[in-house]
Structures are given as structure tokens and as C-alpha cells.
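Hi,

Here's the structure I said I'd pass on to you. Have a look at it first, and my notes on what turned up are below.

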Amino acid sequence: MCGQVLFLAAEAAEVDPDRDPDGLPPRRARVLWPVAAGRARAAVPPALARELAEAESCLNAGAYTMTLVNVRRLLEGVC
């Protein structure tokens with residue numbers, strides 16, 4: 001509801017995989033992304049940081065097609 005995307009790592013659970021996920025007990029999780037701003041930028045290779053900055057610039061300018069192109073390039077670089 002807040003509009004924020006999170007990438008979480010949850011503790012392993014020994015549960016029946018066929019069980020309804022809504023009925024599972026809560027598990028502890030840690031946030032993998034977003035990380036603290038300074039730590040995130042320092043960990044990103046310069047080539048990927050450029051693609052991210054370009055994608056953000058395009059998004060802010062309303063150039064959505066170029067935003068998608070840059071995000072694709074960013075994901076390709078991550079892979």
C-alpha cells in the first residue's frame with residue numbers, strides 16, 4: 001500500500017509446500033533491498049550506476065520508453 005518495493009530474505013520454514021501460503025505462520029525476514037543509500041551506491045559497479053542514473057533521468061523526464069530500455073540494460077548488466 002505504501003508504493004515501496006522490498007526484496008526480503010525469509011527464514012527457512014519446514015512446511016508442506018502444498019499448504020495454502022496465507023495460512024502459514026509468520027517468519028522473520030530481513031530486508032535485502034533497499035539498503036542504506038550510501039552502502040547501496042558504493043556497492044554498485046560504475047557501469048551499472050550509470051545505467052541506473054540514466055533510467056532515473058528518463059523516468060523523471062517522462063521518457064518512459066527510454067526508461068524501459070535503460071532498465072533492460074541495467075538488468076542485463078546485473079545478470
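Thr-65, Leu-68, Leu-75 and Glu-76 are exposed on one side of helix H3, at least in this model, which is a predicted one. Turn to the other side and you'll find Thr-67, Asn-70 and Leu-74, which are buried. Those three cover an arc of only 70° around the axis, so they sit on the same side of H3. That fits the usual pattern: an α-helix has 3.6 residues a turn, so residues three or four places apart point the same way.

What do the buried residues of H3 pack against? Their partner is helix H2, residues 46–61.

The length of H3 checks out too. With 15 residues (64–78) at 1.5 Å a residue, the helix should span 21 Å, and its end C-alpha atoms are indeed 21 Å apart.

Now for the charged pairs. The count comes to 2 salt bridges.

- Glu-51 pairs with Arg-73, with the closest N and O atoms 2.7 Å apart. Since Glu-51 is in helix H2 and Arg-73 in helix H3, this pair ties together parts that are 22 residues apart in sequence. Glu-51 is buried, at 14% relative accessible area, while Arg-73 is partly exposed at 41%.
- Glu-76 pairs with Arg-72, at 3.0 Å from N to O. Both lie in helix H3, 4 residues apart, or about one turn of the helix. Here Glu-76 counts as exposed, at 54% relative accessibility, and Arg-72 as partly exposed, at 45%.

Cheers

Terms used: Residues are numbered from 1 along each chain as its sequence is written. This is a predicted model: local features need pLDDT of at least 70, side-chain atom pairs count only at pLDDT 80 or more; totals for chains, interfaces and linings use all residues. Side-chain values use heavy atoms; hydrogens and water are left out. Helices (H or I, at least four residues) and strands (E, at least two) are DSSP runs, numbered from the N terminus. The expected span of a helix is 1.5 Å times one less than its number of residues. Buried means under 20% relative accessible area, exposed over 50%, partly exposed in between (1.4 Å probe, protein chains only). The arc is that of the directions from the helix axis to the C-beta atoms. Contact means heavy atoms within 4.5 Å. A salt bridge is a side-chain nitrogen of Lys or Arg within 4 Å of a carboxyl oxygen of Asp or Glu.
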